[in-house]
Protein chains: 2
Amino acid sequence: MPASRSKTPKRNAFYAQSGGVTAVINASAAGVIDACRKHKDRIGTLYAGRDGIVGALTEDLIDTGKESAAAIKALRHTPSGAFGSARYKLKDLDKDRARYERLIEVFRAHDIGYFFYNGGNDSMDTAHKVSLIGDQMGYHVTCVGVPKTVDNDLPVTDCCPGFGSVAKYIAVSTLEASFDVASMARTSTKVFILEVMGRHAGWIAAAGGLAARKAGDPPHIILFPEIAFDRERFLARVKETVETKGYCVIVASEGTKDAEGRFLADMGTRDAFGHVQLGGVAPTLAAMVKDGLGYKYHWALADYLQRSARHIASKVDVEQAYAVGRAAVEFALAGQNAVMPVIVRKSSKPYRWTIGSVPIAEVANKEKMVPRHYITEDGFGITAAGRRYLEPLIAGEAYPPYRAGLPDYVRLRNARVRKRLKTTFVI
Amino acid sequence: MPASRSKTPKRNAFYAQSGGVTAVINASAAGVIDACRKHKDRIGTLYAGRDGIVGALTEDLIDTGKESAAAIKALRHTPSGAFGSARYKLKDLDKDRARYERLIEVFRAHDIGYFFYNGGNDSMDTAHKVSLIGDQMGYHVTCVGVPKTVDNDLPVTDCCPGFGSVAKYIAVSTLEASFDVASMARTSTKVFILEVMGRHAGWIAAAGGLAARKAGDPPHIILFPEIAFDRERFLARVKETVETKGYCVIVASEGTKDAEGRFLADMGTRDAFGHVQLGGVAPTLAAMVKDGLGYKYHWALADYLQRSARHIASKVDVEQAYAVGRAAVEFALAGQNAVMPVIVRKSSKPYRWTIGSVPIAEVANKEKMVPRHYITEDGFGITAAGRRYLEPLIAGEAYPPYRAGLPDYVRLRNARVRKRLKTTFVI
């Protein structure tokens, strides 16, 4: 491709959001849109998929050109997926060939030469396959991933847009709830449990540890999926903490599991990607505390609140989300295909970062766990190294504008593009 | 009293925080402290009770004079109870006489002539009784209440410090989670439930309704304790909403109950005030939705996060909390006894308010419910009148300062005062 770059004909582009949304995925969208608008000589219309890849399969495209500059700017402070996202996984090429071919058919009908896919591990796998099948079908599409996941579990990149903001939300919430419990523990709640997201990797739970300014501060116990849960050790630590501190604050990952790999709270259902749907670790732990120690407890389950909390987003995270969106377009125009922009850390104190690039195949379907040396030896906290890694990611506030006491989030027009195919596709 | 005011000898004062803490109860503490410091000619030392009234009973007093001006200023942006609060109810005079007498004994030992009690309905009852028994025992104490409760259920006052901030937190969280669910509903979660506080009064649930900028916006269903819950009507509305909007967002009060007055989720335990401890409405509703309609659901339980969320406090609430603290001291020095400052609304648009005064006896042990005309006829939303009442209370942001990505909340020195009594008191 690079050889023919200068005389590449102008082609359209397609952007889709995938998987669980975040507080800053729309900042990435804004980055993609701004960069496409900047390069009008080379990119025609930037389409977005309504409800992510589903919009491509059903030829339900949105013309982002119909959105005002003010609306696109507002995306930078609006959480969730402004075009709609989807939990919809394309499987292996041999099993799901019809779907991949349909994608290429839609791309061909709308002269789409660039595909920007904003998602996590699964989505990078899809982007990779689309680039392969396009070439097999004689229709070249430049596919560039845009990293996104609150779970922070993508490899290679130092961190992942979406994580910094949920990390800040959990750290702030842990700090605030700890102040609450501390002030009432003498006559009321002794044990407080905050259940946080993180299916397999404990990055979000680790972020709760930032609430402790110094050793001994709450949270007193963090439960990571990476550390096998042991009921007796847990209860002993809760008891010791209540006896010495007067109360105990616990941050528990939804993915907490025992030595045999059994999740503490397996709801028994599976999502579209085949992942077990979790939830209910906090009440399970609370029941253990009640039965085993008899302490009064409270627990909170932040659920979607944590990943949509744009009101307390990390400024660093917003900036990185926007930067990877812009970089994806620049990479594509520079002839890079099947790559993904990554965050490269240059230094932690002061925090400095830049954007790099990695082949998508190195990222697809891989998960980055919290390394053991970020977790204290007893398995219940984060180390100085862990803190050094995490702390810069929650730095800075990026408050949205407010109207009548509420964040003034934008809802896009999302103008529908006229279909060109006679065939339909049922999801 | 007024006649002898000008020659009243200088006496000490005592301040205590009571019941569940809020994001702004420390702003009230700052108001009390600032006003006492301003009137050094008439008020000697302002003591605070460590862990509220428990600190008075056990003669565990804190000398607030040891705190720097900077620390007191920082109280205005620090959530929870800086001196410790307590769930500890003094019962009727005839049943609990020893405790009341002990209080007066401690007050006498430390020459305490002013008692500022920062709490809700129960605490106002206690303050009233202390003023009565002091006079019976020949030791006059001027008792002034300082209103505080996230539940907003105190009568007479237009609103109650603590409520505006939890209202803002719930409105913002509902808005953000709604954006999240809307963007993923096509292939993922269809029904989202946020369980909020509010034991008997649905004020906090009502605040979730502020997230809707216009008719039809989420939240689509609000469940109030004031409206009898009916399973069939609820499920029919969920179904209709999912079918027309694609998803359904529900804000449910923890106090939601059926026509027979049975709470949807009674955990079966009781707190120190004899109130049933609630929790679990959201999972109960989620199970109904799953069993009755089969939709994919998610739910969140904000618990303490909602009442400690100083990071998203209402500016109006912070100002009112500070103002009632200051007013309490001014009232006491003006010779008013057994009174409580109240917020008086002068107009809603633009919002203007002032501070009034009410005899504590008119407030004690009474609860103000959400009036029926604030709730839509179908019982599932708030009316324009409800919105007109609520909206000004969440106006304005009052961000705390940040350090390393986290709010810079203050921890006081809380210097212990030497005991003067030889007797001890066991709680």
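Copies are superposed here by least squares on the C-alpha atoms of residues with pLDDT of at least 70 in both. The model is predicted, so local features need pLDDT of at least 70 and side-chain atom pairs count only at pLDDT 80 or more, while totals for chains, interfaces and linings use all residues. Residues are numbered from 1 along each chain as its sequence is written, and chains are lettered from A and ligands numbered from 1 in the order in which they are written.

**Stop one: both chains.** Colour A and B separately. A turn of 180° and a shift of 0.0 Å along the axis lay chain B on chain A with an RMSD of 0.0 Å. That is the relation of a two-fold axis. Now select Leu301(B): in chain B, its C-alpha is the one nearest the axis, 2.5 Å from it.

**Stop two: the contact.** Chain B gives 56 residues and chain A gives 56 residues, counting two residues as in contact if their C-beta atoms, placed from the backbone, lie within 7 Å. On the chain B side, α6, β11 (297-301), α10 (304-308) and β15 (406-407) each supply at least two residues; helices (H or I, at least four residues) and strands (E, at least two) are DSSP runs, numbered from the N terminus. Which element brings the largest share of that side? It is α6(B), with 13 residues.

**Last stop: α6(B).** Select residues 163-184 of chain B, a helix of 22 residues that reaches 32 Å from its first C-alpha to its last. Of its 22 residues, 22 are buried (20 or more other C-beta atoms within 10 Å of their own, all placed from the backbone), so α6(B) is largely enclosed by the rest of the structure.

Key. The expected span of a helix is 1.5 Å times one less than its number of residues. A residue is buried if 20 or more other C-beta atoms lie within 10 Å of its own, exposed if 12 or fewer, and partly exposed in between; C-beta atoms are placed from the backbone.
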